[in-house]
Amino acid sequence: MSSPSSASSVSRCTAVFNVMRTGLNVLGAELGWMASGVLHAIETRQLRKRIIQEEASLGRALLEDADASTLDAIRKRITFLHDETERFATMREAARERHVTRLRERFGNGNETVQS
């Protein structure tokens, strides 16, 4: 049989390895979240560039005295792109909440302590 101090030592080592494993799992999940954030930022940046292009198009159309239907179509595209940008931001916030909730359900909320 093993001595009580040996069993306690093994228990502590197991606890430390469990904490390390959980930490690495959370780190991996957060790195994945960061990667998706980069993709989201690229997509948002493309939308903003498109908004700038459409606003420039609207300016040119105004200088050229374009008809009302053309101006209205350009304004609708600009409004749509602004709405898409806002929708993306809202979706990203909701996705982050779901991500954090999944992490908490899977790994706990971080308030647990290791018993010595």
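Is Glu-54 buried or exposed? Select Glu-54 and colour by accessibility: at 8% relative accessibility, Glu-54 counts as buried, because the cut-off for that label is under 20%. Keep in mind during the tour that this is a predicted model.

**Stop 1: around Glu-54**

Zoom out a little and you'll see that Glu-54 belongs to helix H1, which covers residues 4-63. Now show what touches Glu-54. Ignoring neighbours within four places in sequence, the contacts of Glu-54 are Ile-74, Arg-77, Ile-78 and Leu-81.

Next, add Arg-50 to the selection. Glu-54 and Arg-50 make a salt bridge, with their closest N and O atoms 3.1 Å apart. The two residues are 4 apart in helix H1, which means that about one helical turn separates them. Arg-50 is partly exposed, at a relative accessible area of 37%, whereas its partner Glu-54 is buried at 8%.

**Stop 2: the Arg-87 and Glu-84 pair**

Move over to helix H2, residues 68-107, and pick Arg-87 together with Glu-84. Their side chains meet in a salt bridge, N to O at 2.8 Å. What separates these two along helix H2? About one helical turn, since Arg-87 and Glu-84 are 3 residues apart. Switch the accessibility colouring back on here: Glu-84 counts as buried at 15%, while Arg-87 is partly exposed with a relative accessible area of 38%. Elsewhere, Arg-50, Glu-54 and Arg-77 are joined into one network by salt bridges that share partners, so keep Arg-77 displayed if you go back to the first stop.

**Stop 3: a bridge from H2 to H1**

Select Arg-96 and Glu-30. A salt bridge brings these side chains together, at 3.1 Å from N to O. Which parts of the chain does this pair link? Distant ones: Arg-96 is in helix H2 and Glu-30 in helix H1, with their positions 66 residues apart in the numbering. Both ends are partly exposed, Arg-96 at 27% relative accessibility and Glu-30 at 21%. If you want to tally the whole structure, the salt bridge count comes to 5.

**Stop 4: Arg-92 and Trp-33**

Now pick Trp-33 and turn the view to look onto its ring. Arg-92 lies over the face of Trp-33, 3.8 Å from the ring centre. How many aromatic pairs turn up in a search of the whole structure? The search finds 0 aromatic pairs, so you can skip hunting for ring partners, given that a pair needs centres within 6.5 Å.

**Stop 5: a nonpolar surface patch**

Switch to a surface view and select Leu-24, Leu-27, Leu-31 and Met-34. Together they make a nonpolar patch on the surface, with about 420 Å² of accessible area. Click on Leu-27 for a closer look. Leu-27 sits in helix H1 and counts as partly exposed, at 46% relative accessibility.

**Stop 6: the loop**

Last pick: Asp-65, in the loop between H1 and helix H2. Check its backbone torsions, where phi is near 55°, a positive value in a residue other than glycine. Why flag that? Because most residues other than glycine have a negative phi. Colour by accessibility one more time, and Asp-65 comes out as exposed, at 68%.

Conventions: Residues numbered from 1 in each chain as written. Predicted model: local features only at pLDDT ≥ 70, side-chain atom pairs only at ≥ 80, totals over all residues. Heavy atoms only, no water. Patch = residues over 30% accessible without salt bridge, like charges linked within 9 Å, V, L, I, M, F, W, Y side chains within 5 Å. Areas by Shrake-Rupley, 256 points an atom, 1.4 Å probe, with all protein chains shown as cover. Salt bridge = Lys/Arg side-chain N within 4 Å of Asp/Glu carboxyl O. Buried < 20%, exposed > 50% of the residue type's maximum accessible area, 1.4 Å probe, protein only. Contact = heavy atoms within 4.5 Å. Phe/Tyr/Trp six-rings, centres within 6.5 Å; stacked < 30°, edge-to-face > 60°. Lys NZ or Arg CZ within 6 Å of the ring centre and 35° of its normal.
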